[in-house]
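Hi everyone, thanks for making time for this one. I'd like to walk you through a structure and its ligand site, so let's put it up on the screen.

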Amino acid sequence: MRKPPSPDISHSCVRYNVPLAPLVTWGVGGAARIMFTPRTEEDLSRAVSWIYSNGADFFVLGRGSNVLISDAVFEIPVINTVLMSAITVRESGDTVYIDCLAGTHIKEVLALSVKNGWSGLECVSGIPGTVGGAVAGNAGSKTGSIGSSVESIVTLECDGSRAEWSGKEIEWGYRSCPLFGGEKRIAESVTFRTRQSSRDEVARLVAETMRGRKFQPVSARTAGCVFKNPPGNSAGKLLDEAGCKGISVGGARVSESHANFIENYSGSARDILSLALLCRKRVLEKFGTYLDFEVKMAGGWGVYPDAGE
Ligand SMILES: Cc1cc2nc3c(=O)[nH]c(=O)nc-3n(C[C@H](O)[C@H](O)[C@H](O)COP(=O)(O)OP(=O)(O)OC[C@H]3O[C@@H](n4cnc5c(N)ncnc54)[C@H](O)[C@@H]3O)c2cc1C
């Protein structure tokens with residue numbers, strides 16, 4: 001395999017032919033031809049500049065808990081943010097601002113809030129992933145979505161320029177943020193806005209959120225909900241009523257406890273996608289409802305034109 005030209009950045013940030021399967025919760029996917037793992041904003045800048053000067057797009061990978069990466073070689077450069085982890089806190093009256101680098105684990109930010117009785121992030125209780133991934137997908141639960149607690153986001157554009165976005169001016173969608181979705185922008189840091197509350201109240205809201213997750217499988221390899229809920233309906237309920245629970249393709253199986261979760265035992269990305277498409281077909285045939293993917297497809301899915309959403 002031909003090695004791309006060596007990027008002029010600190011050697012520890014760059015690796016070639018990196019298997020991605022161990023880096024995603026489904027445990028599937030091909031190898032990245034080149035992967036950057038920056039630790040600091042400066043590392044990230046240099047990686048993006050190198051990618052830009054070589055005329056490429058890039059794919060951002062956080063903790064891989066919401067992506068289905070194809071089995072093929074991942075041709076475009078991957079930027080894995082997981083080492084870009086740092087939290088600082090500023091207080092102003094009753095408001096507590098939490099500044100995080102994008103690779104910070106959202107669980108760490110929540111744990112800090114719970115410990116100090118800062119309210120605002122309880123809706124992400126039990127959700128794995130990085131701050132950047134949570135913001136890019138407006139992660140959340142029945143008790144709310146993370147976008148409503150975002151004060152600001154600093155992004156790095158593919159040409160190396162930075163931009164700061166006010167959270168209140170972003171038109172957050174259901175499991176989406178309009179800033180992201182292409183392959184030309186990365187969230188570098190995020191500031192959350194929380195407010196002083198009490199530990200008991202924050203713990204109560206965390207417990208309420210966790211109650212809504214009781215049917216989600218926790219011990220199997222999954223990537224959260226495969227499909228978004230269609231307006232006014234539940235994707236899990238439609239999938240269940242279409243008889244999807246327990247069906248399998250290769251080593252991938254629809255969870256018996258929550259029909260919108262696909263568990264991977266020994267399957268490939270292709271098995272998972274084939275199973276997801278089969279489930280979508282069943283729901284379409286039974287209810288006339290087309291389910292949109294919540295998980296993001298990444299890598300070369302050429303043989304599956306339906307998967308490129
Ligand atoms: C058991 C389980 C339960 C889950 N439950 C929920 C739930 O209740 N609610 C929910 O909303 N989600 C849930 N998820 C899905 C997932 O945890 C969230 O979507 C999470 O926020 C993804 O973060 P990540 O770092 O893993 O992102 P990744 O999976 O690595 O990436 C997801 C997307 O975000 C983009 N991205 C990541 N980082 C950045 C960045 N810095 N800048 C720009 N784009 C970026 C990626 O390019 C990709 O398109 C669950 C997942 C699992 C495994």
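**A ligand and two domains**

Let's start with the ligand: the shell around it draws at least three residues from each of domain 1 (11–80) and domain 2 (87–211). Please keep in mind that this is a predicted model. The domain assignment of the chain also gives a domain 3, covering 235–303.

So how do domain 1 and domain 2 sit relative to each other? Their C-alpha centres lie 23 Å apart. In the contact, 14 residues come from domain 1 and 16 residues from domain 2. Between them, these two domains bury about 1,400 Å², and 66% of that is on carbon and sulfur atoms.

Back to the ligand, then. Which residues come nearest to the ligand, out of the 30 around it? Those are V60, S65, T130, G140 and R213. Sorted by class, the shell holds 14 nonpolar, 12 polar and 4 charged residues.

Now for some polar contacts, and here it's worth zooming in on the backbone. Oxygen atoms of the ligand are what we want to follow. One lies 3.0 Å from a backbone N or O atom of R63. For G64, a polar backbone atom is 2.9 Å from an oxygen atom of the ligand. Over at A134, the distance from a polar backbone atom to a ligand oxygen is 3.3 Å.

How much of the ligand does the protein cover? Of the 980 Å² of accessible area that the ligand has on its own, 91% is covered. The elements that give two or more residues to the shell are β3 (59–61), α3 (131–136) and β13 (185–196). Of the elements, α3 gives the most, with 4 residues.

That's my tour, and I'm happy to rotate the view for anyone who wants another look.

Technical notes. Residues numbered from 1 in each chain as written. Predicted model: local features only at pLDDT ≥ 70, side-chain atom pairs only at ≥ 80, totals over all residues. Heavy atoms only, no water. Near = heavy atom within 4 Å. Polar contact = N/O pair within 3.5 Å; in protein donor to acceptor, adjacent residues only side chain to side chain. Areas by Shrake-Rupley, 256 points an atom, 1.4 Å probe, with all protein chains shown as cover. Nonpolar A, V, L, I, M, F, W, Y, C, P; charged D, E, K, R; others polar. Domains from an automatic or database assignment. Contact = heavy atoms within 4.5 Å. Buried area = accessible area lost by both parts, 1.4 Å probe.
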